[in-house]
Amino acid sequence: MWKPIRKFLNDIHLYAGLTCGLIVIVVCLSGTIYVYNTEIRETADSERYFVEVFGERCLWMN
């Protein structure tokens, strides 16, 4: 009697855990993209973000 019920509950636990795990992964990934949005854009479009060096560096301004 308990064997089919236990298998059913184990299956529910397995699929609920997999579903929740996928949701957590998606939320973490989207949060990471949101937080590092500026760095991702600068890396992807690096030809727009650069610094040109003019002249020589002053040694007395360390």
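**Figure 1. Separation of charges along the chain.** In this predicted model, the chain carries 6 positive and 7 negative charges, and the mean positions of these two groups lie 24 Å apart. The view places this separation within the outline of the whole chain: the C-alpha atoms fill a box of roughly 85 × 25 × 10 Å along the principal axes. The radius of gyration of the chain is 26 Å, whereas a compact globule of 62 residues would have a value near 11 Å.

**Figure 2. Helices and surface of the chain.** The chain contains 2 helices and 0 strands. Helix α1 spans residues 2–35, and helix α2 spans residues 37–44. Buried residues account for 0% of the 62 residues. The accessible surface amounts to about 6600 Å², and carbon and sulfur atoms contribute 67% of this area.

**Figure 3. A nonpolar patch on the surface.** Six side chains are shown here: M1, W2, I5, F8, L9 and I12 form a nonpolar surface patch of about 750 Å². One of these residues, I12, belongs to helix α1. I12 has a relative accessible area of 43% and is therefore classed as partly exposed, because this value falls between the limits of 20% for buried and 50% for exposed residues.

**Figure 4. The salt bridge between K7 and D11.** Side chains of opposite charge can pair when their charged atoms come close. The structure holds 2 salt bridges, and this view shows the one that joins the side chains of K7 and D11, with an N to O distance of 3.1 Å. Both residues lie in helix α1, where K7 and D11 are 4 residues apart, about one turn of the helix. D11 is partly exposed, its relative accessible area being 29%.

**Figure 5. The salt bridge between R48 and D45.** In this view, R48 forms a salt bridge with D45, and the closest N and O atoms are 3.6 Å apart. The distance satisfies the criterion for a salt bridge because the nitrogen must lie within 4 Å of a carboxyl oxygen. R48 is exposed, with a relative accessible area of 63%.

**Figure 6. A44 and its distance from L14.** A44 is located in helix α2. With a relative accessibility of 65%, A44 counts as exposed, because this value is over the limit of 50%. The view also includes L14: A44 and L14 are 30 residues apart in sequence, and their C-alpha atoms are 39 Å apart in space.

Technical notes: Residues numbered from 1 in each chain as written. Predicted model: local features only at pLDDT ≥ 70, side-chain atom pairs only at ≥ 80, totals over all residues. Heavy atoms only, no water. Rg over C-alpha atoms; globule rule 2.2 N^0.38 Å. Buried < 20%, exposed > 50% of the residue type's maximum accessible area, 1.4 Å probe, protein only. Areas by Shrake-Rupley, 256 points an atom, 1.4 Å probe, with all protein chains shown as cover. Lys, Arg positive; Asp, Glu negative; His and termini not counted. Charge placed at Lys NZ, Arg CZ, Asp CG, Glu CD. Patch = residues over 30% accessible without salt bridge, like charges linked within 9 Å, V, L, I, M, F, W, Y side chains within 5 Å.
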